[in-house]
Every structure is written in C-alpha cells, then in structure tokens.
Amino acid sequence: TLARERGGARVEPIRPPAAPYERFVARFPYPEPRDQARAIAAVLDGLASCTPMARLVCGAVGYGKTE
C-alpha cells in the first residue's frame, strides 16, 4: 500500500540554519501560544527526521489576537 511505501522511504533531513532562523523568529512581536509553539517544534522535528512528513499546517492571520 501507499502508506507502507511511504513508511519505508528515507529523505534528506532539512534543518534551518540556527542564526538566520533566530533572526527570522525575533522579527515577530508576539510570543507564540503553547499550542502554536508545539506545532512549530513538531514541524521542525519532522523536517529534521529522515522520514517523509505528511502534515498540513494552516492558520488565519489575526485569529485569536483580536477576539
């Protein structure tokens, strides 16, 4: 099955360079809520692994900040 094929696949890990990534993150004026921080960490962990990632992350600009 497709799931079994994906499960055995290996890919090159992706890790953002630390210093440019930290500069990018520092540009955002608001701290992330815990759930958003967990989602970011999970995506970065998935990208750094050697397995294909099947993840969809979506969000709405301003959602939660103006309510």
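This tour moves from the confidence of the predicted model to its aromatic side chains.

Start with the whole chain, coloured by pLDDT. The mean over the protein chain is 83, and 87% of the residues reach 70 or more. Next select residues 2-8, which form helix H1; among the elements of the chain, this helix has the lowest mean pLDDT, at 76. Then select residues 18-26, helix H2, where the mean pLDDT is the highest of the elements, at 94.

Now turn to the rings. Searching the whole structure gives two aromatic pairs. For one of them, show the side chains of Tyr21 and Phe24: the ring centres are 6.4 Å apart and the planes meet at 40°, so this pair is tilted. An angle of 40° falls between the cut-offs of 30 degrees for stacked and 60 for edge-to-face. Both residues sit in helix H2, three residues apart, and are therefore separated by about one helical turn.

Switch on the surface for these two. Tyr21 has a relative accessibility of 23% and counts as partly exposed. Phe24 is also partly exposed, its relative accessible area being 42%.

Keep Phe24 selected and add Phe28. These two residues form an aromatic pair with 5.2 Å between the centres and 80° between the planes, an edge-to-face arrangement. At 48% relative accessibility, Phe28 counts as partly exposed, because the exposed class begins over 50%.

Finish with Tyr21, Phe24 and Phe28 displayed together. Ring pairs link these three residues into a cluster, with Phe24 taking part in the tilted pair with Tyr21 and in the edge-to-face pair with Phe28.

Definitions and conventions
Residues numbered from 1 in each chain as written. Heavy atoms only, no water. pLDDT = per-residue confidence, 0-100. Helix = DSSP H or I, 4+ residues; strand = E, 2+ residues; numbered from the N terminus. Phe/Tyr/Trp six-rings, centres within 6.5 Å; stacked < 30°, edge-to-face > 60°. Buried < 20%, exposed > 50% of the residue type's maximum accessible area, 1.4 Å probe, protein only.
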